[in-house]
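Okay, everyone, thanks for coming. Let me put the chain up on the screen, and then we'll walk through a few spots together.

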Amino acid sequence: PGNGSGPHRHPGSHTFGYVLEGVYEVKVDDGPLQRLGPGETFYEPPNALHAVSRNGSDTQPVKYLVIQVSDPAKPATVPEK
């Protein structure tokens with residue numbers, strides 16, 4: 001609850017996410033901030049800015065499944081400076 005990560009990119013990965021439980025807040029590039037619940041999905045193309053990635057609740061956990069199809073020659077995650 002109340003947790004998240006700083007802005008970052010996945011240079012060599014197509015990133016697919018599926019929310020299992022709770023509320024997940026995500027913003028990719030200049031797209032809108034999304035509040036996703038169970039059964040909803042998100043996608044990040046390679047090198048897109050993952051500007052927001054956080055639990056949408058201060059009291060309830062969030063669980064989501066992420067599948068990445070990656071180029072092993074590129075870094076998995078790069079923090080945004």
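So, leaving aside its neighbours within four places in sequence, which residues is histidine 10 in contact with? Before I answer, keep in mind that this is a predicted model. Okay, the list for histidine 10 goes Thr15, Glu44, Pro46, Asn47, Ala48, His50, Gln68, Ala76 and Thr77. If you're hunting for it on the screen, histidine 10 is in the loop between strand S2, residues 8–9, and S3. And is histidine 10 buried or exposed? Its relative accessible area is 10%, and under 20% counts as buried, so histidine 10 is buried. Its side chain also has a polar contact with the side chain of glutamine 68, at 3.4 Å. For a sense of scale, go 23 residues along the chain from histidine 10 to leucine 33, and the two C-alpha atoms are separated by 19 Å.

Now pick up Ala48 from that contact list. Looking from alanine 48, and again skipping anything up to four places away in sequence, we get His8, Arg9, His10, Val28 and Asp29. Alanine 48 also belongs to the largest nonpolar core, which has eight residues. The others there are Val19, Tyr24, Val26, Val28, Leu36, Phe42 and Val62. Which strand gives the most to this core? That's S4, residues 24–28, with three residues.

While we're on S4, have a look at glutamate 25, which sits in that strand. Glutamate 25 has a relative accessible area of 10%, so we call it buried. What does its side chain pair up with? There's a polar contact to the side chain of arginine 35 at 2.5 Å, and another to the side chain of arginine 54 at 2.4 Å. Beyond four places in sequence, glutamate 25 touches Leu33, Gln34, Arg35, Val52, Ser53, Arg54 and Gly56.

Next up, the sheet. Three strands make an open sheet in the order S6-S3-S8, and the pairing is antiparallel. S6 and S8, the latter being residues 63–70, are at the edges with a single partner strand each, so one side of each has no neighbour in the sheet. On average, neighbouring strands here are turned by 15 degrees against each other, direction ignored.

Let's zoom in on where S3, residues 13–21, meets S6: four bridges join these two. Glycine 17 has phenylalanine 42 as its bridge partner in S6, and tyrosine 18 stands opposite threonine 41.

Which way do the side chains of S6 point? In a regular strand, side chains alternate between the two faces of the sheet. Along S6, Phe42 and Glu44 point to one face and are buried, while Thr41 and Tyr43 point to the other and are not buried. Phe42 we already met in the core, and Glu44 was among the contacts of histidine 10.

Last stop, threonine 41 in S6. Not counting residues up to four places away, threonine 41 touches Gly17, Tyr18 and Leu36. Its C-alpha is separated from that of valine 28, 13 residues apart along the chain, by 13 Å.

That's my tour, so over to you.

Note on methods
Residues are numbered from 1 along each chain as its sequence is written. This is a predicted model: local features need pLDDT of at least 70, side-chain atom pairs count only at pLDDT 80 or more; totals for chains, interfaces and linings use all residues. Side-chain values use heavy atoms; hydrogens and water are left out. A nonpolar core is a set of buried Ala, Val, Leu, Ile, Met, Phe, Trp, Tyr and Cys residues joined through side-chain atoms within 4.5 Å. Buried means under 20% relative accessible area, exposed over 50%, partly exposed in between (1.4 Å probe, protein chains only). Contact means heavy atoms within 4.5 Å. Two strands pair if DSSP finds at least two bridges between them. A polar contact is a pair of N or O atoms within 3.5 Å; within protein, one must be able to donate a hydrogen and the other to accept it, and residues adjacent in sequence count only if both atoms are side-chain atoms. Axes are lines fitted to C-alpha atoms, for helices over the stretch in contact, and angles run from 0 to 180 degrees between N-to-C directions.
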